[in-house]
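I opened this entry to go through the salt bridges, then the fold and the surface. My notes follow in the order I looked things up.

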Amino acid sequence: MERVNLKLYLENVYIMEENERLRRKAQALNQENKALLAKLNTNHAAASSTSTTTQHRPPTAASAAGAGASSTLKPGKQQPK
């Protein structure tokens, strides 16, 4: 009977240790996920504000004359989303 109890006790200890290890791993993955999501949202917001400001600017005399060719956005290339 004591041998069975010892075996069950050791199995329980192993399961609790594995559970703690997995809990820490899940917590680290959750933090990494939040950091990546924040970075993605920041990049998306920056890309949206860049495209919004370039798309909705009223034409000026200088840009109509071709002075706006030094724009950072090149035709045919899109910002990653």
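I began with Glu20 and Arg23, which form a salt bridge with the closest N and O atoms 2.5 Å apart. This is a predicted model, so I take the distance as a computed value of that model. I checked where the two residues sit: both are in helix α1, 3 residues apart, about one turn of the helix.

I then looked up how open the pair is. Glu20 has a relative accessible area of 30% and is partly exposed. Arg23 is partly exposed as well, with 43%. Both values fall in the partly exposed class because that class lies between the 20% limit for buried and the 50% limit for exposed.

Which other side chain meets Glu20 in a salt bridge? I found Arg24, at 3.5 Å from N to O. Arg24 and Glu20 are 4 residues apart in helix α1, so about one helical turn separates them. I noted 49% relative accessibility for Arg24, which counts as partly exposed. I therefore checked the value against the cut-off: exposed requires over 50%.

Taken together, Glu20, Arg23 and Arg24 are linked in a network of salt bridges. I added one general remark: side chains of opposite charge can pair when their charged atoms come close.

How many salt bridges does the structure hold? I counted 3. Besides the two on Glu20, I listed the one between Glu18 and Arg21, whose closest N and O atoms are 2.7 Å apart. Glu18 and Arg21 are 3 residues apart in helix α1, so the separation is about one helical turn. Glu18 is partly exposed at 27% relative accessible area, and Arg21 counts as partly exposed at 39%.

Next I looked up the annotation. The UniProt record, an unreviewed entry, assigns a "coiled-coil region" to residues 12–39. Over residues 12–39 I read 100% helix and 0% strand in the model. The end C-alpha atoms of this stretch are 40 Å apart.

For the whole protein chain I recorded 2 helices and 0 strands. How much of the chain counts as buried? I read 1% of the 81 residues. The chain exposes about 7,700 Å², and carbon and sulfur atoms supply 58% of that area.

Last, I looked for nonpolar surface. I found a patch of about 330 Å² made by Leu6, Tyr9 and Leu10. Tyr9 is found in helix α1, which spans residues 2–55. Is Tyr9 buried or exposed? Tyr9 counts as exposed because its relative accessibility is 52%, and the class begins over 50%.

I closed the entry with the two items to keep together: the network of Glu20, Arg23 and Arg24, and the nonpolar patch of Leu6, Tyr9 and Leu10.

Definitions and conventions. Residues numbered from 1 in each chain as written. Predicted model: local features only at pLDDT ≥ 70, side-chain atom pairs only at ≥ 80, totals over all residues. Heavy atoms only, no water. Buried < 20%, exposed > 50% of the residue type's maximum accessible area, 1.4 Å probe, protein only. Areas by Shrake-Rupley, 256 points an atom, 1.4 Å probe, with all protein chains shown as cover. UniProt positions renumbered as here; feature names shortened; annotations may be inferred. Patch = residues over 30% accessible without salt bridge, like charges linked within 9 Å, V, L, I, M, F, W, Y side chains within 5 Å. Salt bridge = Lys/Arg side-chain N within 4 Å of Asp/Glu carboxyl O.
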